[in-house]
Amino acid sequence: MPSLTYRRMADIAAWVGLTPRFCEVDEDTLSLSAETVNACINENTAIILAVHPIVNCCDVQQLIELGRAKNIPVLFDSVESVYEAVPTGKVGGIGEAEVFSMHASKLLNGFEGGYVTTNNAELAEKLSILRTFGFKGQDNCVIDGALNAKLNEIHAAMALANLDDIERLVQDNKKRYQVYEKGLAELKGLRLLDFNQAYPTSYKNIVAEVLGDWSLSRDLTVSILNTENILARAYYSPPLHKKKMAYSYIPAELPVTEELSEKFLLLPCGDLVTTEDIEEVIGLLRFIGQHGTEILMHLDILQKNNE
Ligand SMILES: Cc1ncc(COP(=O)(O)O)c(C=O)c1O
């Protein structure tokens, strides 16, 4: 699995009795690639967990070909790629299986919950048995330790209501993205990550790269935004291989991931964010960009006063 990804991804591998091993990501796509995964494969590799990055999708075809060549199943975490498509087809029908989240922060919001898609009938049956106490037929428990993992009615109703609205949600996301695109284009030192519009995309997450000519660090920029009640976040930072874990994992040196993990920030997005909110965010970023040196000077004085 990549290390530059969702903060609890390694727990999932440990939970099913596997040992997480982290691979590099590609500098341009922020995604794992066939090349970075291949460098980590050995005789112990059980599965390739291909996680789509927050903006755009992995190179799905190359990863599937690698999995086929090595005889290792490829599972896609498509949580951040709902609605999207790649050259070979729509997200949801790719690889051994794909997993999705319906957490309230996701495009398809069911408050909580998630789902798995697969074209493997055997796996589909096993998953549906696992979801319903391990029952195959009434009171015939065929899997020990299975869960009651059904989506409850309220969550399902919320998800269905949002599904009816999905085209509108995506169109509104596109408008938000375009406001960011216009505003950030005028700021030297910040680069908005572009959505690949050649295929259907959700336009949902707004990620910007802090470049060398931005006077403050990414972390300080996020911290100032947060102080002003703008809920910006560092993009997947720290990366997973740098975190403390209670279970064993394979240590890795991932210089590209480490460098990238200090460069990107997530800006407010989603259905509750208005054009005016975005203009306020851009206004503050403009202010930070123009006054970076003075801000640093004042922070330095404050720190010295506190010492
Ligand atoms: C890429 C990715 N995978 C998995 C998850 C976990 O989803 P859930 O919160 O539904 O467990 C998240 C949550 O943000 C995520 O971003």
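## Domain contact, ligand shell and the surroundings of glycine 110

In this predicted model, 23 residues of domain 1 are in contact with 27 residues of domain 2. On the domain 1 side of this contact, the elements that give two or more residues are helix H1 (9-15) and strand E3 (85-86). Of the elements, H1 gives the most to that side, with 3 residues. Sorted by class, the side of domain 1 that touches domain 2 holds 15 nonpolar, 2 polar and 6 charged residues. The domain assignment places residues 9-166 in domain 1 and residues 167-306 in domain 2. The centres of the two domains, taken over C-alpha atoms, are separated by 26 Å.

The ligand has a shell made up of Tyr6, Val51, Asp77, Val79, Glu80, Ser101, His103 and Gly114. By class, the residues of this shell are 3 nonpolar, 3 polar and 2 charged. The two class counts are set out below.

| Set of residues | Nonpolar | Polar | Charged |
|---|---|---|---|
| Side of domain 1 that touches domain 2 | 15 residues | 2 residues | 6 residues |
| Shell around the ligand | 3 residues | 3 residues | 2 residues |

Val51, one of the residues around the ligand, belongs to strand E1 (residues 48-51). Both faces of E1 are covered: Ile48 and Ala50 are buried on one side, and Leu49 and Val51 are buried on the other. E1 pairs with strand E2 (residues 74-77) in the parallel sense, over 4 bridges. Within this pairing, leucine 49 has leucine 75 of E2 as its bridge partner. Together with helix H3 (residues 60-70), E1 and E2 make a right-handed β-α-β unit. Asp77, another residue of the ligand shell, is in E2, which spans residues 74-77.

Glycine 110 is found in the loop between strand E5 (97-101) and strand E6 (114-117). Two residues around the ligand, Ser101 and Gly114, fall within the ranges of E5 and E6. Is glycine 110 buried or exposed? Glycine 110 is buried, because 24 other C-beta atoms lie within 10 Å, and a residue counts as buried at 20 or more. Leaving aside residues up to four places away in sequence, glycine 110 touches Met102, Leu151, His155, Ala156, Met158 and Ala159. As for alanine 157, its C-alpha lies 7.6 Å from the C-alpha of glycine 110, while the two residues are 47 residues apart in sequence.

Key
Residues numbered from 1 in each chain as written. Predicted model: local features only at pLDDT ≥ 70, side-chain atom pairs only at ≥ 80, totals over all residues. Near = placed C-beta within 6 Å. Nonpolar A, V, L, I, M, F, W, Y, C, P; charged D, E, K, R; others polar. Buried ≥ 20, exposed ≤ 12 C-beta atoms within 10 Å, placed from the backbone. Pairing = 2+ DSSP bridges. Right-handed = clockwise from strand over helix to strand, strands pointing away. Domains from an automatic or database assignment. Contact = placed C-beta atoms within 7 Å.
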